[in-house]
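Here is a short set of exercises to work through with the coordinates open beside you. Try each task before you read its solution.

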Amino acid sequence: SNVWGIKRGKKYSTNHGATFPVELAEKAITNFCVEGSVVLDPFIGLGTTAVACINTNRRYIGFELDKDYYEASKKRLNDFMAQGRLFE
């Protein structure tokens, strides 16, 4: 009862070594914080946690030192917000 069955799904990018499905982040977020809370992601990478926060009505703060990952997450979030929640 404590194992989450989550499919790997498609990777947002193959350039990052620590990618994970949005569903995984959504499950953790909805289990451990209430709607409207702020989630801190000190290693935002490609923005998966930020997308999960948007999908679950949470706010997020993210940091990224790597310029390439920062640009990739910024693009992903801009694209995501432009197309809505239908495609994630």
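The exercises below concern a predicted model, and they go from the overall fold to single residues.

**Exercise 1. Lay out the fold**

Task: Find how many helices and strands the protein chain has, and what pattern they follow along the sequence.

Solution: Begin by counting elements: the protein chain holds three helices and two strands. Next, read them in order along the sequence, which gives α-β-α-β-α. Then turn to burial: 30% of the 88 residues count as buried. Finish with the contacts between residues at least 6 apart in sequence, of which 49% join residues at least 24 apart.

**Exercise 2. Assemble the core**

Task: Work out which residues make up the largest nonpolar core, and which helix gives the most to this core.

Solution: Start with the membership. The largest nonpolar core has 12 residues in all: V22, A25, I29, V39, I44, A50, V51, A52, C53, I54, L77 and F80. Now sort them by helix: α1 (22–32), α2 and α3 each supply at least two residues of this core. The top contributor is α2, with five residues.

**Exercise 3. Look at how α2 is covered**

Task: State how many residues of α2 are buried, and then name what covers them.

Solution: First, locate the helix, which spans residues 48–55. Second, check each position: eight of its eight residues are buried, so α2 is mostly covered. These buried residues are T48, T49, A50, V51, A52, C53, I54 and N55. Third, look around the helix: the cover includes α1, β1 (38–41), β2 and α3.

**Exercise 4. Compare two helix packings**

Task: Classify the packing of α1 against α2 and of α2 against α3 as roughly parallel or oblique.

Solution: Take α1 and α2 to begin with. Their axes come within 8 Å and cross at roughly 60°. That angle makes α1 oblique to α2. The residues in contact are V22, A25, E26 and I29 from α1, and T48, T49, V51, A52, C53 and N55 from α2. As for handedness, α1 passes α2 in a right-handed crossing.

Move on to α2 and α3. Here the axes lie 10 Å apart and the helices pack at an angle of about 25°. Since angles under 35 degrees count as roughly parallel, α2 is roughly parallel to α3. In this pair, T48, A50, V51, I54 and N55 of α2 meet R76, L77, F80 and M81 of α3. The crossing of α2 past α3 is right-handed.

**Exercise 5. Two threonines**

Task: For T49 and then for T56, decide whether the residue is buried or exposed, and list what each touches beyond its sequence neighbours.

Solution: T49 is found in helix α2. Its relative accessible area is 13%. Because buried means under 20%, T49 is buried. Leaving out residues up to four places away in sequence, T49 touches F20, A25, I29, V39 and D41.

T56 sits in the loop between α2 and β2 (59–62). With a relative accessible area of 10%, T56 is buried too. Outside its neighbours within four places in sequence, T56 is in contact with E26, I29, T30 and E35. One further detail concerns its side chain: a polar atom there lies 2.8 Å from the backbone oxygen of A52.

**Exercise 6. An unusual backbone angle to check**

Task: Examine N57: where does N57 lie, and what is its phi?

Solution: Place the residue first: N57 lies in the loop between α2 and β2, just after α2. Then read the backbone: N57 has a positive phi of about 60°, although N57 is not a glycine. Last, consider exposure: its relative accessibility is 41%, so N57 counts as partly exposed.

**Exercise 7. A lysine on α3**

Task: Determine which side chain K75 makes a polar contact with, and how far the C-alpha atom of K75 is from that of L46.

Solution: Locate K75 in helix α3 (residues 67–83). Follow its side chain to the side chain of D79, with which K75 makes a polar contact at 2.6 Å. Now turn to L46, which is 29 residues from K75 along the chain. The C-alpha atoms of K75 and L46 are separated by 9.1 Å.

How values were computed:
Residues are numbered from 1 along each chain as its sequence is written. This is a predicted model: local features need pLDDT of at least 70, side-chain atom pairs count only at pLDDT 80 or more; totals for chains, interfaces and linings use all residues. Side-chain values use heavy atoms; hydrogens and water are left out. Helices (H or I, at least four residues) and strands (E, at least two) are DSSP runs, numbered from the N terminus. Buried means under 20% relative accessible area, exposed over 50%, partly exposed in between (1.4 Å probe, protein chains only). A polar contact is a pair of N or O atoms within 3.5 Å; within protein, one must be able to donate a hydrogen and the other to accept it, and residues adjacent in sequence count only if both atoms are side-chain atoms. Contact means heavy atoms within 4.5 Å. A nonpolar core is a set of buried Ala, Val, Leu, Ile, Met, Phe, Trp, Tyr and Cys residues joined through side-chain atoms within 4.5 Å. Axes are lines fitted to C-alpha atoms, for helices over the stretch in contact, and angles run from 0 to 180 degrees between N-to-C directions. Angles under 35 degrees count as roughly parallel, over 145 as roughly antiparallel, 65 to 115 as roughly perpendicular and the rest as oblique. A crossing is left-handed if the near helix is turned anticlockwise from the far one by less than a right angle, and right-handed if clockwise.
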